[in-house]
Amino acid sequence: MRKGKIVTLATQKGGTGKSTIALNIGHALHCKGVRVAIVDSDEQASAVSFYGQRRITANESELVGFDMGFPEVAKISSNAPYRKQLERITEFYDVVIVDTKGEFDQFQHDLLRMSDYVISPVQASEFDLEPTKLVRDAVAHENTQRESDEQLGLSYVLSKVNPSANSTKHVARLIGDMGCHLMSRSIRTADVISAVSALGFTILDAAKNTSMINQVINKRRHPSERASFDKDQVLDIAESVNQIADELMERLK
């Protein structure tokens with residue numbers, strides 16, 4: 001059976017949006033017909049919690065007929081035989097996306113060594129870029145141990161940014177100066193992302209029916225906390241996610 005590709009999200013800093021990117025890219029690939037699984041290796045189990053919430057939210061009456069299909073989500077731990085577990089999962093899926101915690105200890109390093117590709121999210125400041133260099137150096141070292149046709153790929157994704165801000169453009173230039181690849185689209189900072197994630201939705205769900213998702217979310221909120229999402233902004237973020245997913249598949253070939 002053909003082995004699937006392992007894509008690991010890794011950085012030395014927490015709060016960069018790794019889980020959000022893993023979940024949204026995974027959903028985008030699933031919607032494109034790719035057999036994809038998401039593996040949660042973080043002790044906080046953000047991806048597992050998201051999936052559990054999604055299954056609960058799917059029972060809302062407003063969602064009758066709405067496609068709540070999603071990739072399979074699995075949990076691995078450094079205290080278990082994760083190498084065998086991960087290898088087994090790759091037998092059944094084209095792409096396996098591994099979400100990690102915001103550190104780069106031996107467990108994360110080992111997951112990187114098992115991977116075919118690495119995505120490192122970074123926010124728009126040099127302070128946030130610095131911790132990613134440990135991942136970059138680990139990828140470079142790993143590639144000294146691999147054959148030329150098995151090189152480990154690395155891409156940066158600008159996350160939680162204002163795409164038009166000078167700080168975003170500055171960090172993008174620094175990534176280029178490092179000789180690293182930067183995904184052509186960034187994930188902008190937006191309240192809608194955290195709002196939909198809290199109920200197990202992705203930005204792709206919100207793009208399919210913004211008003212309905214908004215209705216489900218506001219039903220859970222106090223009247224003074226209700227929000228109305230900007231549909232154009234939702235569609236823009238969803239397009240970014242889809243383009244990043246497409247670009248990833250191209251680089252996995």
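Reader: Which residues of H11 are the buried ones?

Author: They are Val234, Ile237, Ala238, Ser240, Val241, Ile244, Ala245, Glu247, Leu248 and Leu252. Buried means under 20% relative accessible area, exposed over 50%, and partly exposed in between (1.4 Å probe, protein chains only). H11 itself is a DSSP run, numbered from the N terminus (helices, H or I, need at least four residues; strands, E, at least two). Mind that this is a predicted model, so local features need pLDDT of at least 70 and side-chain atom pairs 80 or more, while totals for chains, interfaces and linings use all residues. Numbering starts from 1 along each chain as its sequence is written, and side-chain values use heavy atoms, without hydrogens and water.

Reader: What span should H11 have, and what does the model give?

Author: The expected span is 1.5 Å times one less than the number of residues. For the 22 residues of H11 (231–252) that gives 32 Å, and the end C-alpha atoms are 32 Å apart, so the two agree.

Reader: What makes Asp230 a cap for H11?

Author: A side-chain oxygen of Asp230 lies 3.0 Å from the backbone nitrogen of Asp232, at the N-terminal end of H11. A polar contact is a pair of N or O atoms within 3.5 Å, one able to donate a hydrogen and the other to accept it, so this pair fits by distance.

Reader: Why is Gln123 called buried?

Author: Its relative accessible area is 16%, which falls under the 20% limit, so Gln123 is buried. Gln123 sits in the loop between strand E5 (117–122) and helix H5 (126–129). Leaving aside neighbours within four places in sequence, Gln123 is in contact (heavy atoms within 4.5 Å) with residues including Lys13, Asp128, Leu158 and Lys160.

Reader: And Lys160, why is that one called partly exposed?

Author: Lys160 has a relative accessible area of 41%, so it lands between the two limits. Lys160 belongs to strand E6 (residues 153–161). Its phi is near 60 degrees, a positive value in a residue other than glycine. Most residues other than glycine have a negative phi.

Reader: How do you class Ala45 and Ser46, buried or partly exposed?

Author: Ala45 has 14% relative accessibility, so it counts as buried; Ser46 has 27%, so it counts as partly exposed. Ala45 lies in the loop between strand E2 (36–40) and H2, and has a positive phi of about 55 degrees although it is not a glycine. Ser46 is in helix H2 (residues 46–57). Not counting residues up to four places away in sequence, Ser46 touches Ser19 and Asp40.
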